[in-house]
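Colleague: Got a minute to go through how the domains of this protein meet?

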Amino acid sequence: MKAIVGGIIFIGNGQIVSAGTVLIEKGKILKVGHDLKVPEDCEVIDAHGKIVTPGLIDVHTHLGVHEEGVGQEGHDFNETTSAATPYVRAVDGINPEEIGFSDARRSGVTTVQIMPGSANVIGGEMVILKTVGHIVDDMIVKSPSGMKAAFGENPKRFHGSKRMPNTRMGIAALFREQFIKAQTYLEKIDGGKGVDRDLGLEQLAKVLKKEIPLRVHAHRADDIVTVIRLAKEFDIDLTIEHCTEGHHIAEFLAKSEVRVSTGPTMSSRSKVELADKGWHTLVALAEAGVPFSITTDHPVVGIEHLMTSAILAVKYGLDEKAALQAITLNAAKHLGIADRTGSLEEGKDADIAIWSGDPFDLRSKVEKTFINGEIVFKG
C-alpha cells in the first residue's frame, strides 16, 4: 500500500482537497480525503507543498505510430494505398519504445488514445493505452476504442489527383458507400445468409452496432455539420476531432449532444481550414455547454505540451476547472473510460501526477508520475 500525504489534491471533477491523503492499494485508489489514517506498513510519499492531480489524458494522438525524429521509417499512421481502409488497426503499428511515451510520463500524461492519421476518409481502428510498458498488449485500456474518419482538406489532398475523393461531395459519397456496404453485410448475416468474411466491413459493423464510436477529423464548420448529418443518417455514435470552427456552430453542437476534442491549438495555421484557429473556440464551446477535451494531436504538438495547452486556454478566458477537466475527467468521458480513470476517486486506477507547484503555472513541473499505483517517472 502507498499513501500520498499532505498535498493539495485536485480531484479532477472540480473538487479540491487541501492537505489531503490519497491511499493506493493494488494499483487502485482506495480512499481520498482529509485526516485519513495511514497504515503503519504503508509506503509514504510526502506531498506537502505540492499539487496532486489525476494523470493527464490526451484523447487524440499518433504516439508510437508517428515516431519523432525518424522520418519515413517511423511513419506508420497513414495507409494511403486507398481512401478507405477500415480494416487497419493502429495497435498493429505502435512502437512502445518511441520517445514520445517517456515524454508523456515526464509530463504527467498517463493515458492516450492512439489513432490512424487523417489521410483517408475511413482510416481504421484506434486504441487506448497507458503510457508505460514494453509490450503494447500489456498497455491496452480499450481496444478498439473507435473508428477513424476524416473530412475536409486532408483526404482531398492525399487522394484527389489519383482517385476519389476530389471534392467534399466525394468524401461524403465515399463515406456513404462504405457504410451502406457495411449495412448490407450485417443484413445478410442477420438474415442467416452465408457471406465471405470482409475485415473492413466487420470493423465498420462495430460502428453500426454502436460497439465503438466513429471519431471524425473535421476542422471547418460545414464539414462538422456534414459529419453530424451522416451520423444521423446511419444512426451511429460520434465524436468530433479538432472542431477548429466549433465556435461558429456551438449552439448546434450542444443541441446535437456530441462530444468534441479541440486542438492542436498551439500549432501553426498550416492550411486553409485552420485560418480561424484559436483559444476562443474552447471558450465558446464551454459557454454553450458542449462537452470538450483538449488535445495535442501528438506529434503535431508534442505531448509534453498537453498541460501547456490547458494553461494557454485559461490565459485566453477558459475557466481553470474546465481546462483541467478537459485533460482529465472530460477526456475520460470522451473515451468512454471514466469508470477507470480521469479523477482521483475510490476504485479508479491510481494514475496520478505530483506537481512542484500550481500546474497552471508554466514554471511548475511534474515531480512524480504514477500509473496503476507504480512510480513511472521521478524528476
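Here is a short chat about the domain contact.

Modeller: Before you ask, this is a predicted model, where local features need pLDDT of at least 70, side-chain atom pairs count only at pLDDT 80 or more, and totals for chains, interfaces and linings use all residues. Numbering runs from 1 along each chain as its sequence is written, and side-chain values use heavy atoms, with hydrogens and water left out.

Colleague: How far apart do the C-alpha centres of domain 1 and domain 2 lie?

Modeller: The assignment, automatic or from a database, gives domain 1 as 1–54 + 343–378 and domain 2 as 56–341. Their C-alpha centres are separated by 30 Å.

Colleague: Which residues of domain 1 lose the most area to domain 2?

Modeller: About 2,100 Å² is buried between the two domains, 66% of it on carbon and sulfur atoms. That is accessible area (1.4 Å probe) lost on putting the two parts together, summed over both. On the domain 1 side, 29% of what is buried comes jointly from K348, F360 and I371.

Colleague: And how many salt bridges are there between domain 1 and domain 2?

Modeller: Here a salt bridge needs a side-chain nitrogen of Lys or Arg within 4 Å of a carboxyl oxygen of Asp or Glu. K130 and D349 make such a pair, with their closest N and O atoms 2.9 Å apart. Between domain 1 and domain 2, the count is three salt bridges.
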